[in-house]
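Here are some exercises to work through with the model open beside you. Try each task before you read its solution.

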Amino acid sequence: MIKYVLEGFEYTIVDSVKNVNKLKNKRILFALELDEAGFCHEVNLILSKFTSLGFDSLYDSTAAIIIHSNSELFTKSAAQNIIFLANRLGCRFIGHPLVEAIDGFKNFLTWQKTINKPLEDICYEQCRNLGSRLLYFEKQHFDKPKILALHASNHQTSNTYMLWKMVMKNINSCDIKELHVENGTVLDCIGCSFKTCKHFSEQKSCFYGGIMVEEVYPEVEKADVLLWICPNYNDSISANLSAVINRLTALYRKIKFYDKSIYAIIVSGNSGGDSVAKQLIGALNINKGFKLPPYFAEMQIANDPGSILEVPDIENKAKSFAENIVLENVL
């Protein structure tokens, strides 16, 4: 897999903590061979070393990831963890940053329905494509980026929404659109067949219709940035926003999301913000193909209504997150 990703490119191998230094503004390929328990200890140690060098040790680098597992498990969870850790060090990830190979290459069986090749060959073809997209990736900046903020929160009591308002007032030179996904307005994906979903996607529609087709799809298509306002519900994304993500599949079949970035504001009552962040990484960056910019998530802890305002230095934290969004997206 490494051979096909790097074919024709010059590269340096970092395979030990002994030769770890800050890697700013680089192209990085994370390559994991998982053991029986789903770990790749060498890469974990290397990331621990990068973290010890400071939270800017991978700043402005762009990365992708390949993983092999001898079982049918662990590839996605391992990828989410590596991406989350590297992103906190300033690393961005291209959309669809992962090529995984599980036991027998069985994860490529759906690809084989449209590509008449052996499973292993399909894997290597995807690796070659990943290498090309990583090498030729270019950052995009806009005169006035269009930001779509999605939330399902109560305006008066939600700590997550209050934090968003602090962030929003510091976002300059952007066109911001806010959509409130109210309870009961978005039914979850019914799981249509590929043929049925494809049929509706050709009209940029969906079997259920409703607010997703009338409001969300058009705004997502126009947006340069999607910002997810996510309170932590049992270490998970809220049901409403999860349904929105699932229903994006119909639009995803029609257009690519490679040129759109995602950010998140996550507030937990106690802990677990990283669990929610990894869910967003898995659903939107790995599966749907949105770009993951550096430091994509602002995560805080606030339990009682309004207690986000009591978090030490919260105004400056909100301002720094907003400035990060502007720096990454505005010309």
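A polar contact is a pair of N or O atoms within 3.5 Å; within protein, one must be able to donate a hydrogen and the other to accept it, and residues adjacent in sequence count only if both atoms are side-chain atoms. Helices (H or I, at least four residues) and strands (E, at least two) are DSSP runs numbered from the N terminus. The model is predicted, with local features needing pLDDT of at least 70 and side-chain atom pairs counting only at pLDDT 80 or more, while totals for chains, interfaces and linings use all residues. Residues are numbered from 1 along each chain as its sequence is written, and side-chain values use heavy atoms, with hydrogens and water left out.

**Exercise 1. Examine helix H6 (residues 159-168), from its start to its surroundings.**

Step 1. Begin at the start of H6, where a side-chain oxygen of serine 158 comes within 3.3 Å of the backbone nitrogen of threonine 160.

Step 2. Next, look at burial, where buried means under 20% relative accessible area, exposed over 50%, and partly exposed in between (1.4 Å probe, protein chains only). Eight of the ten residues of H6 are buried, so the helix is largely enclosed by the rest of the structure. Among them are Tyr161, Trp164 and Met166.

Step 3. Now find the cover, taking contact as heavy atoms within 4.5 Å. The elements over the buried residues of H6 include strand E4 (146-151), strand E5 (175-180), strand E6 (225-231) and helix H12 (314-329).

**Exercise 2. Work out the strand order of the five-stranded sheet and see what packs on it.**

Step 1. Two strands pair if DSSP finds at least two bridges between them. Six bridges link E4 and E5 in the parallel sense; leucine 148 has lysine 177 of E5 as its bridge partner, and alanine 149 stands opposite glutamate 178 in E5.

Step 2. Following the pairing across gives an open, parallel sheet in the order E5-E4-E6-E7-E8. E5 and E8 are the edges, each with a single partner strand, so one side of each has no neighbour in the sheet.

Step 3. For angles, axes are lines fitted to C-alpha atoms, for helices over the stretch in contact, and angles run from 0 to 180 degrees between N-to-C directions. Helix H9 (239-247) lies across E4 and E6, at about 150 degrees to E6. H11 also packs on the sheet, touching E6, E7 and E8, with its direction at about 155 degrees to that of E7.

Step 4. Return to E4 and check its burial: five of its six residues are buried.

**Exercise 3. Describe the three-stranded sheet.**

Step 1. The order is E1-E2-E3, in an open sheet with parallel pairing. Its edge strands are E1 (27-33) and E3 (92-101), each pairing on one side only.

Step 2. The twist averages 15 degrees from one strand to the next.

Step 3. Seven bridges join E1 to E2 (residues 62-68), and leucine 32 has isoleucine 67 in E2 as its bridge partner.

**Exercise 4. Find two residues other than glycine with positive phi, and place them.**

Step 1. Phenylalanine 74 has phi near 85 degrees and sits in the loop between E2 and helix H3 (75-87). Its relative accessibility is 29%, so phenylalanine 74 counts as partly exposed.

Step 2. Aspartate 235 has phi near 60 degrees, in the loop between E6 and H9. At 40% relative accessibility, aspartate 235 is partly exposed too.
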